[in-house]
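Colleague: Please take one part of this model and go over it closely, then work outward to what surrounds it. Keep it plain, and give the cut-off behind each term you use.

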Amino acid sequence: MPVEMNGIAHIQLNVNDAARCLPFWERFCHFLSMTTLIKNADTLYCIGSRTGILVRGASPEMRGVWFHQDRAGLHHFCFRARSRDDVDAIYHFLLTELGARIVHPPEDGPQFAPGYYSVLFEDPDGIRVEVNYVP
């Protein structure tokens, strides 16, 4: 018998540079109205909107092994926005407040779905994140 899921409880990201990545992720999550639940020198866990983002420094023996989108594993993950205006606001925040590397600014993506609109960016370690709106 099939089971219907209730979304994704959390996503864990391991990063090389916790000193740069944790503040980036905390500021970004707070902009998304998420709350910091756990925070220390090597771990950040933010929750909100039925989502959890856990960011941890990679183990010492794995630091320096950089993320690459074409390797097996995570290519990117995508937050679902409530409006095109939200995607635009997030893009502006990424540029002006976080200095994020923008892979592509907000754009239409009708090849994915009617009305698809998204921005794609990378965190300081090169982990790709998308924010989209689909009516």
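Modeller: A residue is called buried under 20% relative accessible area, exposed over 50% and partly exposed in between (1.4 Å probe, protein chains only). The model is predicted, so local features need pLDDT of at least 70 and side-chain atom pairs count only at pLDDT 80 or more, while totals for chains, interfaces and linings use all residues. Residues are numbered from 1 along each chain as its sequence is written, and side-chain values use heavy atoms, with hydrogens and water left out.

The part I have picked is β8 (128-133). Strands (E, at least two residues) and helices (H or I, at least four) are DSSP runs, numbered from the N terminus. Six of the six residues of β8 are buried, so the strand is largely enclosed by the rest of the structure. In a regular strand the side chains alternate between the two faces of the sheet. Both faces are covered here: R128, E130 and N132 are buried on one side, and V129, V131 and Y133 are buried on the other.

Next, the strands beside β8. Two strands pair if DSSP finds at least two bridges between them. With β5 (77-80), the pairing is parallel and runs over four bridges. Within it, C78 is the bridge partner of E130, and R80 is that of N132. With β7 (117-122), the pairing is antiparallel and counts six bridges; E122 stands opposite R128 there. β7 and β8 form a hairpin with five residues between the strands, and in it G126 takes a positive phi near 90°.

These strands belong to an open, mixed sheet of four, in the order β5-β8-β7-β6. β5 and β6 stand at the edges with a single partner strand each, so one side of each has no neighbour in the sheet. From one strand to the next the twist averages 15° (axes are lines fitted to C-alpha atoms, for helices over the stretch in contact, with angles from 0 to 180 degrees between N-to-C directions). The loop between β6 (101-108) and β7 holds P114, which counts as exposed at 71% relative accessibility. At the start of β7, R84 lies over the face of Y117, 3.7 Å from the ring centre; the rule asks for NZ of Lys or CZ of Arg within 6 Å of the ring centre and within 35 degrees of the ring normal.

Then the core. A nonpolar core is a set of buried Ala, Val, Leu, Ile, Met, Phe, Trp, Tyr and Cys residues joined through side-chain atoms within 4.5 Å. The largest one has 31 residues, and V131 is among those with the most contacts inside it, together with W25, F28, I53, V55, F79 and F121. β8 is one of the elements that give two or more residues to this core; the others include β5, β7 and α2 (84-98). The most comes from α1 (18-31), with seven residues.

Several of these core residues also meet ring to ring. Rings of Phe, Tyr and Trp (its six-membered ring) pair if their centres lie within 6.5 Å, with planes under 30 degrees apart called stacked, over 60 edge-to-face and the rest tilted. Nine aromatic pairs satisfy this. F24 and W25 have ring centres 6.0 Å apart and planes at 75°, so their pair is edge-to-face; F24 and W25 are both buried. F77 and F79 are also edge-to-face, at 5.4 Å centre to centre and 65° between the planes, and both are buried. Ring pairs join F24, W25, F28, F77, F79 and F121 into a cluster.

Last, the cysteines, since C78 is paired with E130 of β8. A disulfide is a pair of cysteine sulfur atoms within 2.5 Å, and the count is zero. C29 is in no disulfide, as the nearest cysteine sulfur, that of C46, is 4.2 Å away. Is C29 buried or exposed? C29 is buried, with a relative accessible area of 0%. The closest cysteine sulfur to that of C78 is in C29, 14 Å away and too far for a bond. C78 itself is partly exposed, at 35% relative accessible area, whereas E130, its bridge partner, is buried.
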